[in-house]
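Morning, everyone. I have a few minutes, and I will use them to walk through one structure. Please look at the sequence and the model on the screen.

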Amino acid sequence: MAKSKVVSLAEAMTHCHDGMTIMLPGFVNCGVSQTLIEGLMEAGIKDLNIISNNTSVKGKGIGKLVHDDRIKHITCSHIGNNEETCAKVVAGEINITFVPQGSLCEKVRAGGAGIGGILTPTGVHTPMQDGKQLLEWDAAAGKYKFVEPDEPQNGARYILETPLHADVCFVHAYKADKMGNVVYHRTARNFNQTFATAADFVIVEAEHIVEIGELDPDEIMTPGALVDLVVQARMED
Amino acid sequence: MRKPTNEREMIACRTAQFFQDGNIVNLGIGMPTQCLDFLPDGVDVWVDTENGAIGLAGAPGEGDEFPVDIVDAGGNPSKLRVGGCCFDSFTSFGYIRGGHVDITVLGAYEVDGEGSLANWMIPGKAAAGMGGAMDLVSGSKITIVMTMHCDKKGNPKIVQKTDMPLTGWKVVDYVVTELAVIHITPEGPVLEEIAENTTVEEVVAKTGAKLIIPDNVKVMSF
């Protein structure tokens, strides 16, 4: 008999701790786990290492964590929608690592899929290659070779991007059944589906929690096997 | 099709002439989205948004139902047209990097004669991040930069070799400005068209890159 993973917000927060690395999928403020982030605020959890695409907008979603200085470091592709994040980065209050959006998703996919890294053309000859290993296809030899940034390019060149992994991931679902099978809605799916694969502990907040068996197996986008807990999302956002 | 009434609209209108019926296009936030106002007659394109949809149909208007959970690449509420679809970011960037987007249009701080683009970071200033721009320019079949020919101080934005932090290296195919259409080729930047109210000499004077001037430079038409 499948067991229910539905818990209260407060109980879910007992699995979160200061200094943890947490994946917060979402795009600007769409598909962001508003309720679970509110839970982090209420539980006073701080010194977070965040992996996300953006930092929502000022005062909403991840923006609440920014405003209340709960974040130590962010790995993301863009902060332009939240002027408060920009100001805190400039002031040195938050450390930031930019990763191109597609590379960010691939790094997390690699982390979730047991892959040691990925080769991407994105960012070659840009500041994104600084400190990273570069490989170039050597057609004559039929294999890759490592190259230095200032070597002339003679073949397809790629950055070796390493995997990303987290302690916890918060997922925002449109529907979830009680064992954590998830259906996303429209562009709120964004990073949720990939990020859900790459954390030790996955907590889903769902707008609608349904009985086990109510979801068609073919419509499930994230298998419940990846999910540890399910929390009812507050609907005001 | 409506006619352009100012320089920015001219740039959008000329850029839209690159679109072919059925193309998948990704349009940067701001001026590039204006291209949709000037689609040539008989041309229908599908708008890709890197946050995970194909078939965006602009912002909801007065009387439109507010679509929940559909946003564009700027995070703004958007509509999805009939036949549109949504997917996750991993699929989206596989699609982008894998060469399935026909045309990407975006702006520039500087673009150079080799087609290298700088549009995300100004040295000494805080950067907001590159978002999906680096992936888009590395993967799209055709990358078009639309920009004013010079910056606000009158300095050329099309330079011989940019020393700004790059978004992409040798990625731009065309540059469209209020003065010219420049095709970046392996031989160098070719001045293919100039605006009606300018001369080849004026465009050359306002361009930092050494332009290749064909015998028959066309006049931009709308």
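I will start with one helix. Helix α2 of chain A covers residues 34-43, and seven of its 10 residues are buried, so the rest of the structure largely encloses this helix. The buried ones are Q34(A), T35(A), L36(A), I37(A), G39(A), L40(A) and M41(A). Just after α2(A) comes G44(A), with a positive phi of about 75°.

Before I go on: this is a predicted model. Everything I quote is computed from it.

Stay with the loop after that helix. D47(A) sits in the loop that runs between α2 and β2 (48-51) of chain A. D47(A) is not a glycine, yet its phi is positive, about 55°. Is D47(A) buried, partly exposed or exposed? Its relative accessible area is 34%, and buried would need under 20% while exposed would need over 50%. D47(A) is therefore partly exposed.

There is a second residue of this kind to look at. N190(A) is not a glycine either, and it has a positive phi of about 20°. Find N190(A) in the loop between β10 (182-183) and α6 (192-195) of chain A. The relative accessibility of N190(A) is 0%, so it counts as buried. To put the two side by side: D47(A) is partly exposed, whereas N190(A) is buried.

One more residue from this chain. E161(A) belongs to strand β8 of chain A, residues 157-161. With a relative accessibility of 1%, E161(A) is buried. Which residues does E161(A) contact, leaving aside its neighbours within four places in sequence? They are S103(A), K107(A), G117(A), I118(A), T120(A) and K132(A).

Now zoom out to chain A as a whole. Chain A has six helices and 12 strands. Its radius of gyration is 19 Å, and the globule rule gives 18 Å for 237 residues; the two values are close, so chain A is as compact as a globular protein of that length. Along the principal axes, the C-alpha atoms fill a box of roughly 60 × 45 × 30 Å. Of the 237 residues, 53% count as buried. Take the contacts in chain A with a separation of 6 or more: 72% of them come from residues 24 or more positions apart.

The domain assignment splits chain A in two: domain 1 is 9-100 + 165-232, and domain 2 is 118-161. Note that domain 1 is written as two stretches of sequence. The C-alpha centres of the two domains of chain A lie 33 Å apart.

On to chain B. Chain B has four helices and 13 strands. For 222 residues a compact globule would have a radius of gyration near 17 Å, and chain B agrees, with 17 Å. Its C-alpha trace spans about 50 × 40 × 30 Å along the principal axes. Buried residues make up 54% of chain B. Among its contacts between residues at least 6 apart in sequence, 63% join residues at least 24 apart.

Last, surface and charge. Chain A exposes about 9,700 Å², with carbon and sulfur atoms supplying 49% of it. Chain B exposes about 9,800 Å², and there carbon and sulfur atoms supply 51%. In chain A, the mean positions of the 20 positive and 31 negative charges are 1 Å apart. In chain B, with 17 positive and 30 negative side chains, the centres of the two sets lie 5 Å apart.

Terms used:
Residues numbered from 1 in each chain as written. Chains lettered and ligands numbered in written order. Predicted model: local features only at pLDDT ≥ 70, side-chain atom pairs only at ≥ 80, totals over all residues. Heavy atoms only, no water. Helix = DSSP H or I, 4+ residues; strand = E, 2+ residues; numbered from the N terminus. Rg over C-alpha atoms; globule rule 2.2 N^0.38 Å. Buried < 20%, exposed > 50% of the residue type's maximum accessible area, 1.4 Å probe, protein only. Contact = heavy atoms within 4.5 Å. Areas by Shrake-Rupley, 256 points an atom, 1.4 Å probe, with all protein chains shown as cover. Lys, Arg positive; Asp, Glu negative; His and termini not counted. Charge placed at Lys NZ, Arg CZ, Asp CG, Glu CD. Domains from an automatic or database assignment.
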